[in-house]
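Open the model in your viewer and keep the selection box handy. We will take it one stop at a time, and each stop tells you what to pick next.

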Amino acid sequence: MSAGTTGRTPSTNLVGGGGSARRAPVAIVTGASRGIGAAVARVLAAKGASLVLNYSSESSRTKIDELASELKQTHGVNCLVVQANLAFPTAPKHIVDVAKNHFSHPKTNKFQIDYLINNAGIAGNAPVEDVTPEEFSRQYAVNVLAPLLLVQAALPYLPTDRSGRIVNVSSVSSSLGLIGQSVYGGTKAALESMTRTWARELAERATVNAVNPGPVRTDMYDETSEAFKNHLRPFIQTAPLQAARKDVDEKWVQEAAETDGGRLAWDYEVAGVIGMLCSEESGWCTGSVICANGGMVMK
């Protein structure tokens, strides 16, 4: 095809796309109660998607209910909250079954999952001599097995025209060899490997990509040890977009940057990249790890 020629005009599944009301796409977001997951839910809601918001623990119930209410009021979208602890192998199928019961067409019973965001994850740092089989199994169950089982459960309901979008949330830990992350870094490397495999196996159904955030100003990062933060500091200091700016960033951000080595990412900055990967215009990108870490890792 010659330059300046387009094969077709992009359309959209979103409500009102193409000048007439159409089915809103259905998105499943795991770990949606806070951080990147909640930010992704906001991005997809702004695009008109119906949302399945997954959370694991009862302590997150208030947060996720507030998020669902916010998205309904702000964007008029349908939100379904599903509690399921992804540490258990039965959880992924439960999420899909509840979503199917809720979003199936009342007459045709047709159900389709358009966007699947494998965001939920758990972490834990330990030097190699202290890693236990229990900790290995705990992290791999949530970070590796759960995404695999969720894709399996969703497979019968993915589109058949390549319009589906699967995005896996990885981490710079898969590449940097950070001290204490034999297990966590390994889980994210496994997730990236599965991303490439699924991109081939599901090519007629969906694009499959990953994003690899660095440190994000979230509860998960705040809970890490001072020793780990000190280890990460040199990586932050050399990331081109993580330098705090005196005349741009708020004073408390600049002060925190002095301790952290630079400004951490905001959750919406990572969510914006995920939202981009869920667009129709991203349909030529699959099997990739998209760097969303301020330049900490460049591929």
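**A walk through the model**

Start by selecting residues 25-223 of this predicted model. Over that stretch the chain is 45% helix and 16% strand, and its end C-alpha atoms sit 35 Å apart. The UniProt record, an unreviewed entry, lists residues 25-223 as "domain: Ketoreductase".

Next, show the strands. In what order do the seven strands of the open sheet lie? Reading across, you will find E3-E2-E1-E4-E5-E6-E7, with parallel pairing. At the edges are strand E3 (79-83) and strand E7 (289-290), each paired on one side only.

Zoom in on strand E7. Strand E6 (residues 206-211) runs parallel to E7 and is joined to it by two bridges. Pick out Ala 210 and you will see Val 289 of E7 opposite.

Now add helix H10 (residues 267-277). Helix H10 lies across strand E4 (115-118), strand E5 (164-169), E6 and E7, and runs at about 165° to E6.

For the last stop, turn on a surface and look for the largest pocket, which holds about 1200 Å³ of space. Select Arg 34, Gly 121, Ile 122, Ala 123 and Met 220: of the 50 lining residues, these lie nearest the pocket's centre. Then colour the elements that each supply at least two lining residues: helix H1 (35-46), strand E2 (50-55), helix H4 (133-154), helix H6 (182-201), helix H7 (219-222) and helix H8 (226-237). Coloured by residue type, the lining shows 21 nonpolar, 21 polar and eight charged residues.

How values were computed:
Residues numbered from 1 in each chain as written. Predicted model: local features only at pLDDT ≥ 70, side-chain atom pairs only at ≥ 80, totals over all residues. Heavy atoms only, no water. Pairing = 2+ DSSP bridges. Helix = DSSP H or I, 4+ residues; strand = E, 2+ residues; numbered from the N terminus. Contact = heavy atoms within 4.5 Å. Axes fitted to C-alpha atoms, helices over the stretch in contact; angles between N-to-C directions. UniProt positions renumbered as here; feature names shortened; annotations may be inferred. 1 Å grid on protein atoms, 1.4 Å probe; cavity = no way out; pocket = protein on both sides within 12 Å on 5 of 7 lines; lining within 4 Å. Points joined across faces, edges and corners; volume = space filled by probe spheres on them. Nonpolar A, V, L, I, M, F, W, Y, C, P; charged D, E, K, R; others polar.
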